[in-house]
Amino acid sequence: MRLLVLAACAALASAADLPVAPAVDLPRYMGTWHEIAHLPNYPQRGCTDTAVHYRLNEEGAFDLTNTCRKKGRLKSYAGKAARVEPGSDAKFRVKFFAFFRGDYWILDLDPDYRWAVVGSPDREGLWIISRETTLDAGVYAAAVEKARRLGFPVERLVRTARTG
């Protein structure tokens with residue numbers, strides 16, 4: 001029992017240590033983003049050409065649709081995001097289907113909303129996304145370094161788009 005309590009405390013401390021983007025203009029964040037890289041995860045296994053489309057919803061958060069190609073066929077997965085903290089436009093929990101949920105925290109965001117680094121507080125989820133299908137190599141390297149400093153296992157990143 002004591003180990004469970006210590007593990008829970010460590011997880012909470014880990015989440016508390018994960019800073020997010022200080023200001024997110026949610027309406028400006030909406031639209032289409034292309035995945036440049038991600039940490040491996042079951043739902044995205046075998047995906048290429050991944051994009052996500054965000055739309056504001058009536059609850060003050062957003063709905064989303066992920067699209068990707070799997071075995072040459074276009075697949076899409078719809079989800080709904082809810083704020084984790086009232087008033088926060090950087091911390092969300094996304095629900096896909098009835099059983100799959102994940103944290104979606106905006107960790108870093110370009111001032112012009114051209115790219116973003118999104119992750120989960122357990123450091124198991126990480127996505128580098130861009131408004132374009134490619135990302136400048138220097139910007140990509142800086143995003144990876146930021147994620148490394150935040151404790152993400154960036155050596156496991158899978159690139160899903162070109163960096164130029």
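A polar contact, as I use the term today, is a pair of N or O atoms within 3.5 Å, where within protein one must be able to donate a hydrogen and the other to accept it. One such pair sits at the start of helix 3, where a side-chain oxygen of Asp136 comes to within 2.9 Å of the backbone nitrogen of Gly138. Before I go on, please note that this is a predicted model.

First, the overview. The protein chain has three helices and nine strands. Read from the N terminus, the order is α-α-β-β-β-β-β-β-β-β-α-β. Of the 164 residues in the chain, 41% are buried. Taking contacts with a separation of 6 or more, 50% are between residues 24 or more positions apart.

Back to helix 3. This helix covers residues 137-149, so by the count used here it has 13 residues, and its first and last C-alpha atoms are 18 Å apart, close to the 18 Å expected at 1.5 Å a residue. Which of its residues are buried? They are Tyr140, Ala143, Val144 and Ala147. Looking down the axis of helix 3, the buried residues fall within an arc of 100°, so they line one face of the helix. What do they pack against? The partners are strand 1 (31-38), strand 7 (115-119), strand 8 (126-130) and strand 9 (158-159). Just after the helix, Gly151 has a positive phi of about 95°.

Ala37 gives a view of that region from the strand side. Ala37 lies in strand 1, and its relative accessibility is 0%, which is why it counts as buried. Leaving aside neighbours within four places in sequence, Ala37 is in contact with Leu126, Trp127, Ile128, Tyr140, Leu157, Val158, Arg159 and Thr160. Tyr140 in that list is one of the buried residues of helix 3. Leu157 is 120 residues from Ala37 along the chain, yet the two C-alpha atoms are separated by 6.3 Å.

Next, the strand pairing. Strand 1 runs antiparallel to strand 2, residues 47-56, and four bridges join them. Gly31 has Tyr54 of strand 2 as its bridge partner. Strand 2 in turn pairs with strand 3, residues 62-70, over eight bridges, again in the antiparallel sense. Here Arg55 is bridged to Asp63 of strand 3. These two strands form a hairpin with five residues between them, and Gly60 in the turn has a positive phi of about 85°.

Strand 3 also runs antiparallel to strand 4, residues 73-83, with eight bridges joining them. Asp63 appears again at this point, with Lys80 of strand 4 as its bridge partner. The hairpin of strand 3 and strand 4 has two residues between the strands, and Lys71 takes a positive phi near 55°.

One residue of strand 3 to look at is Thr67. Is Thr67 buried or exposed? At 16% relative accessibility it counts as buried, because the cut-off is under 20%. Its side chain makes a polar contact with the side chain of His53, at 3.5 Å. Not counting residues up to four places away in sequence, Thr67 touches Asp49, Thr50, Ala51, His53, Leu74, Lys75 and Ser76.

Last, the nonpolar cores. The largest has 23 residues, and those with the most contacts inside it are Tyr29, Tyr54, Phe62, Tyr104 and Leu109. Which elements give two or more residues to this core? They are helix 2 (26-29), strand 2, strand 3, strand 5 (91-96), strand 6 (100-109) and strand 7. Tyr54 is also the bridge partner of Gly31.

For Tyr29, with residues up to four places away in sequence not counted, the residues touched are Val24, Tyr54, Tyr104, Ile106, Leu109, Tyr113, Ala116, Val118, Ile129 and Arg131. Apart from this core lies another, of 20 residues, among them Leu18, Ile36, Val117 and Leu135.

To recap three points. The buried residues of helix 3 line one face, since they fall within an arc of 100°. Strand 3 is joined by eight bridges to strand 2 and by eight bridges to strand 4. The largest nonpolar core has 23 residues, and a core of 20 residues lies apart from it.

Notes: Residues numbered from 1 in each chain as written. Predicted model: local features only at pLDDT ≥ 70, side-chain atom pairs only at ≥ 80, totals over all residues. Heavy atoms only, no water. Buried < 20%, exposed > 50% of the residue type's maximum accessible area, 1.4 Å probe, protein only. Arc of directions from axis to C-beta. Contact = heavy atoms within 4.5 Å. Pairing = 2+ DSSP bridges. Core = buried A, V, L, I, M, F, W, Y, C linked by side-chain atoms within 4.5 Å.
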